[in-house]
Amino acid sequence: MDKPIVRVADLYKAFGPNEVLKGVNLEIQEKSICAIIGQSGTGKSVLFKSIIGMLTPDKGRVWFKDTELTALPKAELMDIRKYFGYSFQNAALFDSMTVGENIEFPLREVLHMKNKKEIKKKVTEMLEWIELPDIASKRPDELSGGMRKRVGVARSLVMRPEVLFFDEPTTGLDPVLSETIYNLVVRVNKELSITCVLITHDIPAAFRISDKIAFLDQGCIIADGTPGEVAQSDHALVKDFIRLSFSELAV
Ligand SMILES: Nc1ncnc2c1ncn2[C@@H]1O[C@H](COP(=O)(O)OP(=O)(O)OP(=O)(O)O)[C@@H](O)[C@H]1O
């Protein structure tokens, strides 16, 4: 877990006059869980999208292992992106397709797999892995929010990414379902050895499951380290944020 799999150096991104990222530096260790936390609108999603190449940074560098993504031509960047998986807030499933078709979609469209038996086997394996073995023929709108999120994770995992990014994986879920999703993140990390990077507002969960926490504020990382190290931060905002997040639990 000592080698960085993703490195970000001095990253800047603005939208017109809105300077969102202002010199972000971050290292994410291979096979770790890293949580990016911070106030709303502070640039967490923009940082995510800049790392995975969905947004082009204005300045700065991003590496995946030894490859500098920010130096790659678009075609090569697309190729490297197959090592990244994403699970976004709304699970982004296609409602017109069954669950099975949703999961096989990247196999057909990205990996150009044609062998129906092989595709079906992978879909079945994934559904068993997320502990929802019998829902291949259901449509996403027949599922609960928590099930949809698990299917979204399965669709990302079927590509066997090396890094899986979760943007607010538990938004809209009650605490019990949220826990099942965090357990799934931990299983993805421990059982499949996949590096997991998550944005979350659930600070206690982030502290519980992460190896590293990075606190983003106004476009810069103002604290990062193990949960214990970040909990000891001297930064007033970090201290307040953590105190308030944990005191909510005590109410
Ligand atoms: N594609 C875009 N075009 C213009 N502005 C954008 C774009 N994407 C994000 N922004 C702006 O960047 C800023 C940071 O947004 P971002 O979504 O990264 O915040 P966040 O920290 O993830 O917030 P939250 O925790 O509420 O999800 C906001 O001011 C937002 O309006």
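**Exercise 1.** Find the bridge partner of Phe 215 in S10.

*Solution.* Across the strand pair, Phe 215 meets Ala 223 of S10. The model is a predicted one. Next, take the strands themselves. S9 covers residues 212–217. S9 and S10 are antiparallel, and five bridges hold the pairing.

**Exercise 2.** Work out the strand order of the six-stranded sheet, then say why S6 and S10 each have one side without a neighbour.

*Solution.* Step one: the order. The sheet is open and reads S6-S7-S8-S3-S9-S10, with mixed pairing. Step two: the edges. S6 (84–87) and S10 (220–225) each have a single partner strand, so one side of each lacks a neighbour in the sheet. Step three: the twist. With direction ignored, neighbouring strands are turned by 20° against each other on average.

**Exercise 3.** Identify the strands that helices H5 and H6 pack on, and give one angle for each helix.

*Solution.* Start with H5, residues 145–157. H5 touches S6 and S7 (163–167). The direction of H5 makes about 170° with that of S6. Now H6, residues 175–192. This helix lies across S3 (33–37), S7 and S8 (195–199). Against S8, H6 runs at about 155°.

**Exercise 4.** List the contacts of Cys 196 beyond four places in sequence, and place this residue in the largest nonpolar core.

*Solution.* First, the contacts. Leaving out residues up to four places away, Cys 196 touches Ile 33, Leu 164, Phe 166, Val 185, Val 188 and Asn 189. Then, the core. The largest nonpolar core holds 62 residues. Cys 196 is one of the members that touch the most others, along with Ile 36, Ala 154, Phe 165 and Val 185.

**Exercise 5.** Describe the shell around the ligand: which residues, which elements, what chemistry?

*Solution.* Begin with the residues. The ligand is surrounded by Phe 15, Asn 18, Val 20, Gly 38, Ser 40, Gly 41, Thr 42, Gly 43, Lys 44, Ser 45 and Val 46. Map them to elements. Strand S2 (18–29) and helix H1 (44–52) supply at least two residues each. H1 gives the most, with three. Finish with the chemistry. Seven shell residues are polar, three are nonpolar and one is charged.

**Exercise 6.** Decide whether H1 is mostly covered or mostly uncovered, and name its buried residues.

*Solution.* Count first. Seven of the nine residues of H1 are buried, so-called mostly covered. The buried set is Lys 44, Val 46, Leu 47, Phe 48, Ser 50, Ile 51 and Ile 52. Then look past the end of the helix. Gly 53 follows H1 and has a positive phi, near 85°.

**Exercise 7.** Locate Thr 42, classify it as buried or exposed, and list its contacts beyond four places in sequence.

*Solution.* Location: the loop between S3 and H1. Burial: the threshold is 20 other C-beta atoms within 10 Å. Thr 42 has 20 such neighbours, so it counts as buried. Contacts: with residues up to four places away excluded, Thr 42 touches Leu 216, Asp 217 and Gln 218. Ligand: Thr 42 is also among the residues surrounding it.

**Exercise 8.** Lay out the four-stranded sheet and name its edge strands.

*Solution.* The order is S2-S1-S4-S5, in an open sheet with antiparallel pairing. S2 and S5 (67–68) are the edge strands, each paired on one side only. Move inward. S1 (residues 4–15) and S4 (residues 59–64) run antiparallel and are joined by five bridges. Within S4, Trp 63 stands opposite Arg 7.

**Exercise 9.** Compare Asp 10 and Lys 65 by phi, location and exposure.

*Solution.* Recall the background. Most residues other than glycine have a negative phi. Now the phi values. Asp 10 has a positive phi of about 55° and is not a glycine. Lys 65, also not a glycine, has a positive phi of about 55°. Next, location. Asp 10 sits in strand S1, while Lys 65 lies in the loop between S4 and S5. Last, exposure. Asp 10 has 13 C-beta neighbours inside 10 Å, so it is partly exposed. Lys 65 is partly exposed because 13 other C-beta atoms lie within 10 Å.

**Exercise 10.** Is Lys 190 buried or exposed, and how far in space is it from Ile 33?

*Solution.* Lys 190 belongs to helix H6. Its 12 C-beta neighbours inside 10 Å make it exposed. Lys 190 and Ile 33 are 157 residues apart in sequence. From C-alpha to C-alpha, they are 9.5 Å apart.

Definitions and conventions
Residues are numbered from 1 along each chain as its sequence is written. This is a predicted model: local features need pLDDT of at least 70, side-chain atom pairs count only at pLDDT 80 or more; totals for chains, interfaces and linings use all residues. A residue is near a molecule or strand if its C-beta atom, placed from the backbone, lies within 6 Å of it. Ala, Val, Leu, Ile, Met, Phe, Trp, Tyr, Cys and Pro count as nonpolar, Asp, Glu, Lys and Arg as charged, and the others, Gly among them, as polar. Two strands pair if DSSP finds at least two bridges between them. Axes are lines fitted to C-alpha atoms, for helices over the stretch in contact, and angles run from 0 to 180 degrees between N-to-C directions. Two residues are in contact if their C-beta atoms, placed from the backbone, lie within 7 Å. A nonpolar core is a set of buried Ala, Val, Leu, Ile, Met, Phe, Trp, Tyr and Cys residues joined through C-beta atoms within 7 Å.
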